[in-house]
Amino acid sequence: MRNIHCLLFTIILIVLSTINLNAQQRKTLTKTELTVLYNKLYKSSEIDSIVWKDQKQICACGQLESEMYKKAEDRINFFRIASGLKEVKLNPKFNKDAQNAALLVKVNNQLTHYPNTEMKCYSKSAANGCLKSCLGLSDFKYYHETSFITGFIEDIGEENYFVGHRKWLLYTKLAEFGYGATDKSEAILTVDGVSYDAIDVPEFIAYPWNGYVPVNLIFPKWSFSIPDNKIVDFSQTTISMFDSKGKELKTEKLKEYKNFLDHTIVWTAKDLFSDDDITYGINNLEENGFIDKKIKVVIRNVKIDGSFKQYEYFVEPIKI
C-alpha cells in the first residue's frame, strides 16, 4: 500500500481524434470514448515493477528506461483528459532532480519535502527534487494497481485530507513535469512545470469526473475544484449525493486547505465506502451493485467572484 497514475481500427482512430481535439472537454465523454481513452492511455501504461539502471555507486540515482517516462506521461494525461484538462508533457530537464529525490526517499524510507544534509544520498539535486515533487513510497509488485501514478490521485491517508497530490496532477496551470522512481518510491516534479500563460480551463474540475468513470479508479475521497483565477468561498457550500433511485447518500466534508493551487473542497463518500474501505483503500462498489448506475452530485452555495452558484453532475461507475 502507498504511504502519503478493418472497421474497428478506423472507429478507434476517429474516437481518439475526437478526444484529442476535445482535451478541454465541454461535454461528457461517451462510454465508448472513455473506454478507448482508458485502453489507449491507462491500460497500456500498466506496470508491475520499475527497474532503473546505471547504478555504479550506492547513491548513483541511475535512470529509468525510456518507456517508463512515456507511460508516466500517458497515465497522468489519462486523468487530465478525462477531467477536461489540457495534456501535460514530460520535461527531461526535470528528471534528474526527480530521480535523485526518489532515491533519497527509498534509501531513507521517509517521505520529506525538506531533507537534511545528514540523510543518506543527500544532494542539492535530491533536495530540489524533494521540495518540488509529489513523493510516494510504494510496493510496485504487490500494489501495482495504485503504485504507479494512480496512488497520487487516490491520496490515501488522513494526512492527505486535502488531496494535495491529486490537486497537483489535475492543476489547471500544470504544463510540464519530471519523473523519477525506484522499486519502492516515486517522485513527480511539478512545481517547475507550472505555466501562467492564458489558457482555456473548464468551469470546474471534479474527481471522480463528470460522466463515466472506471470503477477501479473511484476512491473514497471525492473532490471539486474551481480554477484559481477565480475568487472562491466554500464556507457556506454543501455537498449532496444521491444514488440511482434518488436516495441521498451520506457524505463527510473534510477540512479545507486554502490558497493552494485550484480552490478545492474534499469529502468522503461514506455510503459508498465503509470506514475500513477508507482506511485501507478497499473498493467494493462493484460488489455493492453500483456498476452502470448514476450517482448524482449537487454542490450548493459556492461563492465565486461575489455570486453564489450551484453545480450538478453525475458519476457512473463502469467496468472496463
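Colleague: Let's start with helix H3 (residues 66-82): what makes its span agree with the expected one?

Modeller: The expected span of a helix is 1.5 Å times one less than its number of residues. For the 17 residues of H3 that gives 24 Å, and the end C-alpha atoms are 25 Å apart, which agrees. Helices here are DSSP runs of H or I with at least four residues, strands are E runs with at least two, and both are numbered from the N terminus.

Colleague: Before we go on, what sort of model is this, and which residues count?

Modeller: This is a predicted model, in which local features need pLDDT of at least 70 and side-chain atom pairs need pLDDT 80 or more, while totals for chains, interfaces and linings use all residues. Residues are numbered from 1 along each chain as its sequence is written, and side-chain values use heavy atoms, with hydrogens and water left out.

Colleague: Thanks! What makes H3 mostly covered?

Modeller: Of its 17 residues, 14 are buried, where buried means under 20% relative accessible area, exposed means over 50%, and partly exposed lies in between (1.4 Å probe, protein chains only). Just after H3, Gly-84 has a positive phi of about 85°.

Colleague: On to the rings. Why is the pair of Phe-162 and Phe-260 given the type it has?

Modeller: Rings of Phe, Tyr and Trp (its six-membered ring) pair if their centres lie within 6.5 Å; planes under 30 degrees apart are stacked, over 60 edge-to-face, and the rest tilted. That rule yields 23 aromatic pairs. For Phe-162 and Phe-260 the centres are 5.9 Å apart and the planes stand at 80°, so this pair is edge-to-face. Phe-162 sits in the loop between helix H7 (150-154) and helix H8 (164-169), and Phe-260 in the loop between strand E13 (251-253) and strand E14 (263-269), so the pair ties together parts 98 residues apart in sequence.

Colleague: How do you know whether Phe-162 is buried or exposed?

Modeller: Its relative accessible area is 18%, so Phe-162 is buried.

Colleague: And what type of pair do Phe-224 and Tyr-313 form?

Modeller: They are stacked, with 6.4 Å from centre to centre and 15° between the planes. Phe-224 belongs to strand E9 (residues 221-226) and Tyr-313 to strand E16 (residues 307-318), so this pair ties together parts 89 residues apart in sequence. Both Phe-224 and Tyr-313 are buried. Elsewhere, ring pairs link Tyr-38, Tyr-42, Phe-78, Phe-79, Tyr-207, Trp-209 and Phe-219 into a cluster.

Colleague: Which lysine lies over the face of Phe-242?

Modeller: Lys-296 does, at 5.3 Å from the ring centre. The rule asks for NZ of Lys or CZ of Arg within 6 Å of the ring centre and within 35 degrees of the ring normal. Lys-294 likewise lies over the face of Phe-314, at 4.9 Å from the ring centre.

Colleague: Phe-242 brings me to strand E11 (residues 238-242). Which strand pairs with E11 over five bridges?

Modeller: That is strand E15 (residues 295-304), in the antiparallel sense, and two strands count as paired if DSSP finds at least two bridges between them. Within E15, Val-297 is the bridge partner of Met-241. E11 also pairs with strand E12 (residues 248-249), antiparallel over two bridges, and there Phe-242 stands opposite Glu-248. E11 and E12 form a hairpin with five residues between them, and Gly-246 in the turn has a positive phi of about 90°. Four of the five residues of E11 are buried.

Colleague: What makes E3 and E4 edge strands in the open sheet?

Modeller: The four strands run in the order E3-E5-E6-E4, with mixed pairing. Strand E3 (89-90) and strand E4 (133-137) each pair on one side only. E4 joins strand E6 (residues 185-189) in the antiparallel sense over five bridges. Helix H5 (residues 124-132) lies across E4 and E6, at about 95° to E4.

Colleague: Last one: is Glu-145 buried or exposed?

Modeller: At 59% relative accessibility, Glu-145 counts as exposed. Apart from neighbours within four places in sequence, Glu-145 is in contact (heavy atoms within 4.5 Å) with Tyr-42, Arg-75 and Thr-150. By contrast, Thr-268 in strand E14 has a relative accessible area of 6%, so Thr-268 is buried.

Key: Axes fitted to C-alpha atoms, helices over the stretch in contact; angles between N-to-C directions.
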